[in-house]
Each structure stands twice: as C-alpha cells, then as structure tokens.
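Here are my notes for you, as numbered points to read alongside the coordinates. I hope they save you some clicking around.

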Amino acid sequence: MMFNINDIVITNSMLESRDFLPESHAERKPSSIGIITGLSDSHGLCFKVQHKRSTAYYDPDELTLILRPTTPNPNNNTI
C-alpha cells in the first residue's frame, strides 16, 4: 500500500515489538487513528503517524488506510 502525506490511517490491533528504539514503543498505539505526517527509510520504510496525543512510527503492514483526503496536497507528496 502506498500512503500519502495526510492520509488517515488506523494502526493494527496487535503491534509487534520491532526494531524501534525502546522509548518509541510507548508512543506506538494499537487500534489508534492518526494522520501520516512523514516517513523514514533509514532501516526500512516506516511511516510517521500523528495521533491525538503522540507521534509514532509504524511499518507499512501495521497500517490500514481509512481515508485519503480528496483535496490535493499542496506539496504533492506521495510516499
């Protein structure tokens, strides 16, 4: 699945303990809705998701697309 900046996603109900820093595990939220705000590909592709009270990184297979905004992104960012 290709995600775009500003896509609204939900995280899987079961998140595996993957190669994320220990302090980042606390920010990862199962079954939580958020907005894709960025990506990292330094150790494999993962997406930065802004939740209501936190931001965390997730692998693509941990996310499901809920809504893709119909208004174009001003930067035309497809990731």
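1. Arg68 is partly exposed, at 34% relative accessible area. Please keep in mind that this is a predicted model. The partner of Arg68 is Asp7, and their side chains meet in a salt bridge with an N to O distance of 2.8 Å. Because Asp7 sits in the segment before β1 and Arg68 in the segment after β5, this pair ties together parts of the chain that are 61 residues apart in sequence. Asp7 itself has 0% relative accessibility and therefore counts as buried, the cut-off being under 20%.

2. How many salt bridges does a search of the whole structure find? The total is 2. Besides the pair just described, Glu62 forms a salt bridge with Arg28, and the closest N and O atoms are 2.7 Å apart. Here too distant parts of the chain are linked: Glu62 belongs to the loop between β4 and β5, while Arg28 belongs to the loop between α1 (22-25) and β2, with 34 residues separating them. Both Glu62 and Arg28 are buried.

3. Glu62 deserves a second look. With a relative accessible area of 1%, Glu62 falls under the 20% cut-off, so it is classed as buried. Its C-alpha atom is 9.8 Å from that of Val9, although the two residues are 53 apart along the chain.

4. Val9 leads on to the core. The largest nonpolar core holds 8 residues: Phe3, Val9, Ile36, Phe47, Val49, Ala56, Tyr58 and Leu63. Two strands, β3 (46-50) and β4 (55-58), each contribute at least two of these residues.

5. Now the sheet. In what order do the 5 strands of the open sheet run? The order is β4-β3-β2-β1-β5, and the pairing is antiparallel. Since β4 and β5 stand at the edges with a single partner strand each, one side of each is left without a neighbour in the sheet. On average, neighbouring strands of this sheet are turned by 45 degrees against each other, ignoring direction.

6. Taking some of the pairings in turn, β1 (residues 8-11) is joined to β2 by 3 bridges and runs antiparallel to it. Within this pairing, Val9 has Gly34 of β2 as its bridge partner. β2 and β3 are also antiparallel, with 5 bridges between them, and Ser40 has Cys46 of β3 as its bridge partner. Then 4 bridges join β3 to β4, again antiparallel; in β4, Tyr58 stands opposite Phe47. Both Phe47 and Tyr58 are listed in the core of point 4.

7. Two hairpins are worth checking on screen. The hairpin of β2 and β3 has 5 residues between the strands, and Gly44 in this hairpin takes a positive phi near 105 degrees. The hairpin formed by β3 and β4 has 4 residues between its strands.

8. Finally, which residues form a nonpolar patch on the surface? The patch consists of Ile33, Ile66 and Leu67, which together have about 280 Å² of accessible area. Ile33 is located in strand β2 (residues 33-40), the strand that also holds Gly34, the bridge partner of Val9. As general background for viewing such strands, side chains in a regular strand alternate between the two faces of the sheet.

Terms used
Residues are numbered from 1 along each chain as its sequence is written. This is a predicted model: local features need pLDDT of at least 70, side-chain atom pairs count only at pLDDT 80 or more; totals for chains, interfaces and linings use all residues. Side-chain values use heavy atoms; hydrogens and water are left out. A nonpolar core is a set of buried Ala, Val, Leu, Ile, Met, Phe, Trp, Tyr and Cys residues joined through side-chain atoms within 4.5 Å. Buried means under 20% relative accessible area, exposed over 50%, partly exposed in between (1.4 Å probe, protein chains only). Patches are made of residues with over 30% relative accessible area and no salt bridge: like charges are joined within 9 Å, nonpolar side chains (Val, Leu, Ile, Met, Phe, Trp, Tyr) within 5 Å. Accessible areas come from the Shrake-Rupley method with a 1.4 Å probe; for residues, only the protein chains shown count as cover. A salt bridge is a side-chain nitrogen of Lys or Arg within 4 Å of a carboxyl oxygen of Asp or Glu. Two strands pair if DSSP finds at least two bridges between them. Axes are lines fitted to C-alpha atoms, for helices over the stretch in contact, and angles run from 0 to 180 degrees between N-to-C directions.
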